[in-house]
Amino acid sequence: MTTTPDLSTLTGDYTVDPAHTTIGFTARHAMVTNVKGKFLDFTGTLHLDGTDPSRSTASLDITMDSIDTGSADRDGHLKSADFFNTSEFPTMTFRSTKAESLGGDDYRVTGDLSILGTTKPVTIDLEFNGAAKDPFGNERVGFEGKAEIKRSEWGLTWNAALETGGVLVSDKIKLTFDISAIRQA
């Protein structure tokens, strides 16, 4: 049996654990299937305020060259100037500007997402998955989140028309977050 902790006991600073966190995305490909990918290299911090969630903050720095879709050719294309232009824009960042409780274990974080030198607001819906002390003595919290963006709003406009109509890569991108963070002393 698990119990939900008193959220005020979770107040503090946390570091995102990249070994137990996934930052992923899904794009529609050729109008018929979804291609999923993730980023393998990132850092992040959270400040949680269990008494007043509106004072909580989140920050992520993602190394764009760490993109992994399971296809070296596709990853190379995504790193090129057609998409992320990682040689000129090596990092994607997220900085929260607002956090709110939606009731129960549901939260919403709004912040500034910067890609290709363009910064736009993004809203991420999160579910608090719980808190636990791991076998190594680390106090952990977990969140699962999702958001949708239109990649064209960040200047990611490369595409190819299909003979049957439509385009090769959807404008709508689904973002997913499975976050494990460790409390800092």
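This section describes the fold, overall dimensions, nonpolar core and surface of a predicted model.

The secondary structure of the chain consists of eleven strands and one helix. Read from the N terminus, the order of elements is β-β-β-β-β-β-α-β-β-β-β-β, with the helix placed between the sixth and seventh strands. Of the contacts in the chain with a separation of 6 or more, 55% link residues 24 or more positions apart.

Along the principal axes, the C-alpha atoms occupy a box of roughly 55 × 35 × 30 Å. The radius of gyration is 18 Å, which agrees with a compact globule, because a chain of 185 residues folded in that way would have a value near 16 Å.

Buried residues account for 38% of the 185 residues in the chain. The largest nonpolar core comprises 42 residues, and F39, F84, L113, I115, V141 and F143 have the most contacts inside it. Strand β11, spanning residues 169-183, gives the most to this core, contributing six residues. The surroundings of F143 were examined further: when its neighbours within four places in sequence are left aside, F143 is in contact with L46, L48, L126, E127, F128, N129, F177, D178 and I179.

The accessible surface of the chain amounts to about 10300 Å², and carbon and sulfur atoms make up 51% of this area. Charged side chains number 18 positive and 27 negative. The centres of these two sets lie 3 Å apart.

Terms used. Residues numbered from 1 in each chain as written. Predicted model: local features only at pLDDT ≥ 70, side-chain atom pairs only at ≥ 80, totals over all residues. Heavy atoms only, no water. Core = buried A, V, L, I, M, F, W, Y, C linked by side-chain atoms within 4.5 Å. Buried < 20%, exposed > 50% of the residue type's maximum accessible area, 1.4 Å probe, protein only. Helix = DSSP H or I, 4+ residues; strand = E, 2+ residues; numbered from the N terminus. Contact = heavy atoms within 4.5 Å. Rg over C-alpha atoms; globule rule 2.2 N^0.38 Å. Areas by Shrake-Rupley, 256 points an atom, 1.4 Å probe, with all protein chains shown as cover. Lys, Arg positive; Asp, Glu negative; His and termini not counted. Charge placed at Lys NZ, Arg CZ, Asp CG, Glu CD.
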